[in-house]
Amino acid sequence: MRFIHLATSTPAVDIGTREGLIFGGYRFGWASQYVAVPAGTYDILVFRSGTTTVLSTLRVTLQSEKVYTGVALGSVSNGSFFVGLNLD
């Protein structure tokens, strides 16, 4: 799994699950390297970086041996911010 921050007018974000942080401090235009995340069902939480303020939540089921890219789109400032997950 990797993450790309493409949400304009949105501050840096941290991405994780209820179990912990996966990606931290990602600013607009930044893309992470791929990291291994075990198969399972997760609530992906997107926080304003360095805070506990949740900007978006996405429930996903990850399958083993699959590669995913999470993408932040829209803008927090106009209420259109969301996160999607794509199978690569």
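1. A term to start with: two strands pair if DSSP finds at least two bridges between them. With that in hand, please keep in mind as you read on that this is a predicted model. In it, phenylalanine 3 has glycine 70 of β6 as its bridge partner. The two strands involved, β1 and β6 (residues 68-73), run parallel and are joined by 4 bridges.

2. That pairing belongs to an open sheet of 3 strands, in the order β1-β6-β7, with mixed pairing. β1 (2-5) and β7 (82-87) are the edge strands, and each pairs on one side only. From one strand to the next, the twist averages 20°.

3. The other sheet to look at is also open: 4 strands in the order β3-β2-β4-β5, with antiparallel pairing. Here the edges are β3 and β5, each with pairing on one side only. Ignoring direction, neighbouring strands are turned against each other by 20° on average. Within this sheet, β4 and β5 pair over 8 bridges in the antiparallel sense. If you would like a spot to centre your view on, try tyrosine 42, which stands opposite valine 60 in β5.

4. Which strand gives the most to the largest nonpolar core? It is β4, with 3 residues. The core has 16 residues, and those that touch the most other members are Phe3, Val13, Ile15, Ile44, Val46, Ala72 and Phe81. At least two residues come from each of β2, β3 (20-26), β4 (40-48), β5 and β6. As general background, nonpolar side chains tend to be buried together in soluble globular proteins.

5. Phenylalanine 81 is a good residue from which to explore that core, as one of the members that touch the most others. Setting aside neighbours within four places in sequence, phenylalanine 81 is in contact with Ala7, Thr10, Val46, Leu55, Ser56, Ala72, Leu73, Gly74, Ser75 and Val76. Two of these partners, Val46 and Ala72, are listed with Phe81 among the core residues that touch the most other members.

6. Now to the aromatic residues. The structure holds 4 aromatic pairs. One of them joins phenylalanine 3 and tyrosine 26 edge-to-face, at 6.2 Å centre to centre and 85° between the planes. Phenylalanine 3 is in strand β1 and tyrosine 26 is in strand β3, so this pair ties together parts that are 23 residues apart in sequence. Both phenylalanine 3 and tyrosine 26 are buried.

7. Tyrosine 26 has a further ring partner, tryptophan 30: the centres are 6.0 Å apart and the planes stand at 80°, so this pair is edge-to-face. What of their exposure? Tyrosine 26 counts as buried because its relative accessibility is 16%, while tryptophan 30, at 42%, counts as partly exposed. The limits behind these labels are under 20% for buried and over 50% for exposed, with partly exposed in between. Taken as a group, Phe3, Phe23, Tyr26 and Trp30 form one aromatic cluster.

8. Is threonine 69 buried or exposed? With a relative accessibility of 5%, threonine 69 counts as buried. This residue lies in strand β6, and its side chain has polar partners. The side chains of threonine 69 and arginine 2 are joined by a polar contact of 2.9 Å. Another polar contact, of 2.8 Å, links the threonine 69 side chain to that of aspartate 88. Beyond four places in sequence, the contacts of threonine 69 are Arg2, Ile4, Tyr34, Gly84, Leu85, Asn86 and Asp88.

9. Finally, two backbone details for anyone checking the loops. Serine 9 is not a glycine, yet has a positive phi of about 50°. This serine 9 sits in the loop between β1 and β2 (13-17), and its relative accessibility of 55% is why serine 9 counts as exposed.

10. Glutamate 65 is the other case: its phi is near 65°, a positive value in a residue other than glycine. You will find glutamate 65 in the loop between β5 (54-62) and β6. Its relative accessibility is 80%, so glutamate 65 counts as exposed.

Note on methods. Residues numbered from 1 in each chain as written. Predicted model: local features only at pLDDT ≥ 70, side-chain atom pairs only at ≥ 80, totals over all residues. Heavy atoms only, no water. Axes fitted to C-alpha atoms, helices over the stretch in contact; angles between N-to-C directions. Buried < 20%, exposed > 50% of the residue type's maximum accessible area, 1.4 Å probe, protein only. Polar contact = N/O pair within 3.5 Å; in protein donor to acceptor, adjacent residues only side chain to side chain. Contact = heavy atoms within 4.5 Å. Core = buried A, V, L, I, M, F, W, Y, C linked by side-chain atoms within 4.5 Å. Phe/Tyr/Trp six-rings, centres within 6.5 Å; stacked < 30°, edge-to-face > 60°.
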